[in-house]
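Me: I would like a close look at a single residue in this model, set against the overall form of the chain. Please take the surroundings of that residue step by step.

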Amino acid sequence: TNTATVAPPPGTTDGNPSNNSATDIDTLTPQGNLSITKTDGSATYTAGAPITYTIVATNSGPSFVTGATVADAIPPNISGAAWTAVYAGIGSTGPANGAGNISAAINLAAGGTATFTLTGTILSTATGNLVNTATVAAPPTFTDTNPNDNSATDTDTPNPVADLAVTKTGPATGNPNGTLTYTITVTNNGPSAAQAVSFTDLLPADTTFVSQAQINGPVFTLSAPAGNINDTIATLGGGAAATFQALLHVNNPSPAGTVVTNIANVASTTPDPNNLNNTAQAQTTITSASVSGNVFVDNNLNGVKDPGEPSLGGVIVSLVDSLGNLIATTTTASDGSYSFAGLATGPYTIIETQPPGYGSSTPNTIPITLPAGGLTNENFGETTATLSGTVFFDGNNDGLQQPGEPGIPVVTVILAGTDIN
């Protein structure tokens with residue numbers, strides 16, 4: 001309402017004072033262009049990672065707006081959402097902060113802005129596009145001259161990243177015929193969930209697979225074809241870990257100086273930013289014992305290999321355990337020696353296969369209890385046959401040398417046949 005008046009100067013009479021005042025009354029219609037923008041500064045998102053949106057509501061004027069509403073419904077794939085707001089323009093006000101969805105009543109001067117910073121964490125299991133929309137709405141008493149810019153949507157496509165890691169521990173030493181226990185942990189350091197995860201552990205040489213079990217963590221499907229572990233899970237969430245135990249039996253015998261190297265690997269179809277921790281290994285040194293001996297011709301039949309007594313090559317020698325299971329078989333070298341190495345300590349029996357054409361001065365089996373330091377001189381003695389007789393005058397022709405029948409000296413005797421030795 002605006003009123004103008006006119007008055008005559010002093011001493012002057014206005015003949016019609018009723019028209020000395022005029023009033024203009026206009027109904028107020030505040031208006032302006034409210035608009036909003038929203039962005040997280042990226043066209044992609046990483047599941048499990050933090051995210052920050054910047055939302056700016058603007059009043060382009062010309063009028064001041066009281067009670068406009070800024071709203072943002074947080075997508076379900078974002079957790080821990082919180083926001084702050086700052087205002088620009090004389091008289092511009094509104095809430096300073098909040099948690100969860102934004103629903104803020106604001107007052108904006110012409111040319112003023114309200115800037116919201118929204119933060120949260122994307123769920124590690126998030127898939128598909130991440131879509132977030134913010135809106136600004138005018139109050140009923142305010143006319144928005146361009147409602148087409150009252151909504152802004154930010155859309156990000158997925159870019160998952162999962163840092164898988166595996167660790168492995170096992171014994172530093174072991175023995176033939178013993179059991180090795182390994183503990184393996186598969187971890188997803190995130191931030192995203194890993195898809196189609198596989199944990200493999202190939203059976204090392206000189207071992208036999210015994211069993212495996214999962215100790216804790218998200219449940220994997222366990223498999224060990226031919227002793228090679230291959231465990232899988234469809235999805236391993238960010239921050240999740242699973243622990244396994246594997247038991248291997250060390251072969252008996254194992255080659256002397258054996259080091260069992262057990263290697264575990266983890267892989268996924270989800271991109272991994274750090275492949276250096278996808279493999280882990282444990283090494284176990286196998287401590288073993290040995291037994292050795294010789295097969296010889298025991299000329300003096302004392303059961304001991306004396307200097308000068310010849311050795312026999314090509315003789316078969318076997319080793320069996322306390323249950324009679326054959327552990328190994330070997331053949332003596334040209335010097336008559338044999339050995340069995342890489343053995344577990346404990347009871348065994350050494351068995352010699354009797355060579356043809358020889359007798360034995362020692363038993364053909366030697367029971368032993370093999371100590372850690374091993375055994376030597378587990379020998380087998382063999383004997384050769386002796387053929388002797390007398391050439392004599394058989395006076396009565398009975399084929400027997402009777403008393404008084406003299407021997408005949410200096411007669412050449414020839415031994416015919418084949419010497420198999």
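The residue I have in mind is Glu382: which strand holds Glu382, which side chain makes a polar contact with the side chain of Glu382, and where is the nearest side chain of opposite charge?

Reply: The model is a predicted one, and the description below begins with the whole protein before turning to the residue. The protein contains 30 strands and zero helices, and its C-alpha atoms fill a box of roughly 205 × 30 × 30 Å along the principal axes. The radius of gyration is 50 Å, whereas a compact globule of 421 residues would have a value near 22 Å. Of the contacts with a separation of 6 or more, 68% join residues 24 or more positions apart, and buried residues make up 36% of the 421 residues.

Glu382 lies in strand E30, which spans residues 380–383. The residue is buried and yet has no salt bridge, the nearest side chain of opposite charge being that of Lys305, 13 Å away; because a salt bridge requires the charged atoms to be within 4 Å, Lys305 does not provide one for Glu382. What the side chain of Glu382 does make is a polar contact with the side chain of Gln354, at 2.5 Å.

Leaving aside residues up to four places away in sequence, Glu382 touches Val295, Phe296, Val297 and Asp298, together with Leu312. The list of residues it touches also includes Glu352, Gln354, Pro355 and Tyr358, as well as Gly359, Ser360 and Ser361. Gln354 thus appears among the residues touched by Glu382 and is also its side-chain polar partner.

Terms used
Residues are numbered from 1 along each chain as its sequence is written. This is a predicted model: local features need pLDDT of at least 70, side-chain atom pairs count only at pLDDT 80 or more; totals for chains, interfaces and linings use all residues. Side-chain values use heavy atoms; hydrogens and water are left out. Helices (H or I, at least four residues) and strands (E, at least two) are DSSP runs, numbered from the N terminus. Buried means under 20% relative accessible area, exposed over 50%, partly exposed in between (1.4 Å probe, protein chains only). Lys and Arg count as positive and Asp and Glu as negative; His and the chain ends are not counted. A polar contact is a pair of N or O atoms within 3.5 Å; within protein, one must be able to donate a hydrogen and the other to accept it, and residues adjacent in sequence count only if both atoms are side-chain atoms. Contact means heavy atoms within 4.5 Å. The radius of gyration is taken over C-alpha atoms; the globule rule is 2.2 Å times the number of residues to the power 0.38.
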